[in-house]
Each structure stands twice: as structure tokens, then as C-alpha cells.
Amino acid sequence: MKNVVLIGFMGTGKSSCGRAAAQQLGYRFVDLDKEIEDRYGMAIPEMFKKYGEAYFRDKEKEMVRYWAAQKNTVISTGGGTVKDAENVALLKATGKIICLTADVDTLLARTDKQGRRPVLDARAAELGGDRRQAIRSLLDERQPMYEQADYAVDTGELSPLQVAIKIAEYIKKF
Ligand code: S3P
């Protein structure tokens, strides 16, 4: 079996639902952000601060290349992984792409802590500290990329296990 790739905005639950989906399917689970942090011994916000976003995107792309070539793996991506068309092509070639979604209120509540998500923090700073507006504007930009998924699940009202069951039901059809 090929891979299952979770894409979606920050706070949609890619990691928690991905882990649960891997359990449902009996697949391995990998979180690309965590792989980068472990490999480079640095938290992502620190990496952004020290080396900038382009450096992080470079490392992210390396991880995509490696993991897209594996099998039977649920891959949880970062919210911006799909900004790179080559990443999308690689992930699509070897897996089913599932987009997790949630409404803006839910996303705002799940990403309210500053200092953890440099892209959101930076956009909010540009907008006078308005995190809701920052989420809206990033979502607007990224919507077409998230729409490239094969299947979507709204995680707003569901537990990770419920989302995982939906994902597993979808994948088992193939
Ligand atoms: C990012 C999302 C983060 C992480 C990095 C950049 C983004 O992952 O990859 O901070 O550009 O949306 P999560 O979606 O897991 O928060």
C-alpha cells in the first residue's frame, strides 16, 4: 500500500489525527516537522529565527523527498508544505492526499499560543497583531493548494479517533 499524506492549515489536527489514522491502518506514522526538529536538533521557531524560512523550506523538501519514497506510512505535513508544487507532486505520486479542515474560530483557538508558529506570528504582526485576520489571509492564499487533496475531513467537531476512522474507511476502499 502507498502512503497517506495529511495536509491542511496549522491547527487542523494533522499530527494527532495522523497518529490515530496510522494506528487504525497499521501503518507507520511520521510527522515531517518533528523529523526536521530531531534531525537538526532545533525547534522550528528557532530554525526560522536563526536561518530564515527559506532554510526551513529546504529541509522540509528534503524530508518530503525521503518520506514520499517510503510505503505504508501516514505522513503528517506542515501547514506550508503544499506551497511547493514539487512537494505536492512527489507526495501525490506515492500516496493519497487527505486535507484536514476546520473553521476559523477553531483554528484560532488551536493556534492561540504565540512563539510556536512563526509563519502565523509573522502574518499577525504584519496585521497589527490580529491573529484571526492573519489566519484568514493565509487561508485565502493557501486554499487552492489544500484543494488539491483527494479527500477532505472537517476536524472541527470530531475527535482524532473519529477523524482517523473516516480516513481509514476512505483508504480501505482502494
Ligand atoms: C507552517 C506550519 C507548521 C510548520 C512551520 C510552517 C506553515 O506546521 O511546518 O511552522 O507555513 O503553515 P503545522 O501546520 O504543524 O503547525
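A polar contact is a pair of N or O atoms within 3.5 Å; within protein, one of the two must be able to donate a hydrogen and the other to accept it, and residues adjacent in sequence count only if both atoms are side-chain atoms. The model here is predicted, so to speak "on paper": local features need pLDDT of at least 70 and side-chain atom pairs count only at pLDDT 80 or more, while totals for chains, interfaces and linings use all residues. Residues are numbered from 1 along each chain as its sequence is written, and side-chain values use heavy atoms, with hydrogens and water left out.

Let's start with the ligand. An oxygen atom of the ligand lies 2.7 Å from an N or O atom in the side chain of Lys 14. For the side chain of Arg 117 that kind of distance is 2.9 Å, and for Arg 142 it is 2.6 Å. The protein covers 93% of the 380 Å² of accessible area that the ligand has on its own (Shrake-Rupley method, 1.4 Å probe). Around the ligand there are 13 residues (a heavy atom within 4 Å), and the closest are Lys 14, Asp 33, Arg 57, Gly 79 and Arg 142. By class, this shell has five nonpolar, three polar and five charged residues (Asp, Glu, Lys and Arg count as charged, and Gly counts as polar).

And where does the ligand sit? It sits in the largest pocket (more than half of its atoms lie within 2 Å of the pocket's grid points). A pocket is an open set of points on a 1 Å grid over the protein atoms alone, with protein on both sides within 12 Å along at least five of seven lines; lining residues have an atom within 4 Å of a point. Helices α4 (53-68) and α7 (118-126) each give two or more residues to the ligand's shell (helices are DSSP runs, H or I, of at least four residues).

The largest pocket has a volume of about 740 Å³ (the space filled by probe spheres set on the points). Of its 36 lining residues, Met 10, Ser 15, Asp 33, Arg 116 and Arg 117 are the closest to the centre. The largest share of the lining, four residues, comes from α1. Sorted by class, the lining holds ten nonpolar, 13 polar and 13 charged residues.

Conventions
On a 1 Å grid over the protein atoms alone, a cavity is a set of points where a 1.4 Å probe fits but cannot get out, and a pocket is an open set with protein on both sides within 12 Å along at least five of seven lines; lining residues have an atom within 4 Å of a point.
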